[in-house]
Amino acid sequence: MFQKNTVTELQELLSKPKKIVVTSHKNPDGDALGSSLAWTKFLTKLGHSVDYISPNDMPDYYHWLPLSKQTIIYEKAKDYAKNLVYGADIVFSLDYNALGRMDEFGDVVKASKANKVMIDHHLYPEEYPILTYSDTSKSSTGEMIYEMIYAMGEEDKIDSDIATLLYTAILTDTGSFAFSCTTQRVHEIVGVLVSKGADPDAVQNYVYNCFTENRLRFFGYCLVNKMKLIPNTKIAYIGVSEKELEEFGIKDGETEGLANYPLKIADIHACAFFREKDKQIRISFRSKADFDVNVIAREHFNGGGHKNASGGMSRDTLENTILKFENLFISNS
Ligand code: 5GP
Ligand code: MN
């Protein structure tokens with residue numbers, strides 16, 4: 001839960017109409033998009049002038065999201081986005097804990113004189129905001145946005161768009177209500193969102209059953225040909241080169257979900273998914289129960305995240321990055 005002051009201080013900040021920019025991390029996922037678009041619509045309903053700026057574009061399979069067409073993409077409209085940020089009274093940081101998670105756009109936010117407010121559930125939040133609502137026990141930023149709207153006494157402003165957006169945020173960040181962060185409260189909130197117009201069947205189909213044929217065949221290819229189990233450990237990984245991604249026509253964001261698959265094996269407790277892009281390797285780490293992959297991401301791969309789901313990167317080759325990962329377990333076992 002937040003400290004009482006967080007709500008009153010935020011209400012104070014929002015007591016007069018303001019120019020507001022909402023931001024979320026690069027390569028936005030369901031939680032980043034759902035929470036940011038919901039918060040954007042909610043603040044607009046309170047009478048503010050609000051723009052949502054994402055550092056880069058969203059995957060095609062999120063274009064159905066309510067209000068998604070209003071998203072301003074920094075990479076495509078840098079000057080326009082900069083003007084909005086430099087002219088804003090308040091900039092919200094949603095679903096990220098460090099400005100570096102927005103790449104170059106993070107520098108723009110850093111340079112702006114706006115009051116910064118963070119609402120986020122990742123470990124170790126940076127201290128640049130004047131107001132921070134950080135809670136690592138929360139399933140998603142979407143859940144936190146709901147709690148904030150509820151604490152402000154503004155639940156009646158949740159219309160079917162906001163309900164659908166928050167439902168999507170919570171659905172995706174809880175792995176369809178499966179991860180340990182799926183508390184009783186999460187189910188209560190989701191119940192309210194359904195009563196306000198979120199359609200579970202429709203959202204599920206949009207998010208999970210709208211693959212292109214190539215994307216599904218690529219998942220199959222990775223599981224058959226690319227998944228490796230490190231001998232004598234409970235660790236697995238999948239590594240794919242840029243060439244393989246191109247061969248299957250896989251776009252940014254279309255690998256989403258693949259990182260979780262090796263955990264379906266009973267004996268696998270942690271796994272990694274390596275993908276090469278522009279001479280860099282992006283890495284997704286996933287784990288079960290008490291296995292902490294955030295430590296691995298933070299200490300060895302310039303990243304971070306949560307205990308059971310983290311991310312990182314490497315500027316070495318795909319082969320060397322995988323070797324470094326394997327050695328962490330071989331030398332420790
Ligand atoms: P994903 O593997 O889905 O990209 O990310 C899993 C989790 O790790 C998310 O909560 C995400 O915010 C976090 N994460 C991913 N990449 C990075 C990174 O480079 N740095 C940090 N600090 N967190 C990351
Ligand atoms: Mn999140």
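**Exercise 1. The contact between the domains**

Task: Work out how domain 1 and domain 2 meet, starting from the residues in contact.

Solution:
1. Nine residues of domain 1 touch 11 residues of domain 2. The model is predicted.
2. Place the two domains on the chain. The domain assignment gives 4-208 for domain 1 and 214-330 for domain 2.
3. Take the separation. Their C-alpha centres are 27 Å apart.
4. Add the area. The two domains bury about 820 Å² between them, and 46% of that is on carbon and sulfur atoms. On the domain 1 side, Y61, L123 and Y124 lose the most area to domain 2. Together these three account for 43% of what that side buries.
5. Count the polar links. One salt bridge runs between domain 1 and domain 2. Three residue pairs are in polar contact across the two domains.
6. Look at a salt bridge between K251 and D60. Their side chains meet at 2.7 Å, N to O.

**Exercise 2. The manganese site**

Task: Which residues coordinate the manganese ion (ligand 2), and at what distances?

Solution:
1. List the donors. They are D31 (OD), D95 (OD), H121 (NE2) and D173 (OD). The distances run from 2.1 to 2.4 Å.
2. Read the spacing along the sequence. The pattern is D-x63-D-x25-H-x51-D.
3. Place two of the donors. D95 sits in the loop between β4 (90-94) and α4 (104-111), while D173 belongs to helix α6 (residues 160-173), so this pair ties together parts 78 residues apart in sequence.
4. Check burial, for which the cut-off is under 20% relative accessible area. D95 has 1% and is buried. D173 has 18% and also counts as buried.

**Exercise 3. K138 and its network**

Task: Where does K138 lie, and is K138 buried or exposed?

Solution:
1. Find the element. K138 is in the loop between β6 (131-134) and α5 (141-151).
2. Apply the accessibility value. At 11%, K138 counts as buried.
3. List the contacts, leaving aside neighbours within four places in sequence. K138 touches H121, Y133, E143, M144 and E147. H121 is also one of the manganese donors.
4. Extend to the charges. Salt bridges link K138, E143, E147, R185 and E188 in a network.
5. Take one pair from that network. The side chains of E188 and R185 meet at 3.5 Å, N to O. These residues are about one helical turn apart, because they are three residues apart in helix α7 (residues 184-195).
6. Compare exposure. E188 is partly exposed at 37%, and R185 is partly exposed at 26%.

**Exercise 4. Salt bridges across the sequence**

Task: How many salt bridges does the whole structure hold, and what does the bridge between K26 and D103 link?

Solution:
1. Start with the total. A search of the whole structure finds 18 salt bridges.
2. Take K26 and D103. Their side chains meet at 2.8 Å, N to O. K26 is in the loop between β1 (19-24) and α2 (30-45), and D103 is in the loop between β4 and α4. The pair links distant parts of the chain, 77 residues apart.
3. Check the surface. K26 is partly exposed at 24%, and D103 is partly exposed at 43%.
4. Now take D267 and K234. This salt bridge has a distance of 3.6 Å, N to O. D267 lies in the loop between α10 (242-247) and β9 (270-277), and K234 in the loop between β7 (227-229) and β8 (235-240), so the pair ties together parts 33 residues apart in sequence.
5. Finish with K234. Its relative accessible area is 37%, and K234 is partly exposed.

Terms used: Residues are numbered from 1 along each chain as its sequence is written. Chains are lettered from A and ligands numbered from 1 in the order in which they are written. This is a predicted model: local features need pLDDT of at least 70, side-chain atom pairs count only at pLDDT 80 or more; totals for chains, interfaces and linings use all residues. Side-chain values use heavy atoms; hydrogens and water are left out. Donors are N, O and S atoms within 2.8 Å of the metal (3.2 Å for Na, K and Ca); water is not among the atoms, so sites may look incomplete. Helices (H or I, at least four residues) and strands (E, at least two) are DSSP runs, numbered from the N terminus. Buried means under 20% relative accessible area, exposed over 50%, partly exposed in between (1.4 Å probe, protein chains only). Domain bounds come from an automatic or database domain assignment. Contact means heavy atoms within 4.5 Å. Buried area is the accessible area (1.4 Å probe) that two parts lose on being put together, summed over both. A salt bridge is a side-chain nitrogen of Lys or Arg within 4 Å of a carboxyl oxygen of Asp or Glu. A polar contact is a pair of N or O atoms within 3.5 Å; within protein, one must be able to donate a hydrogen and the other to accept it, and residues adjacent in sequence count only if both atoms are side-chain atoms.
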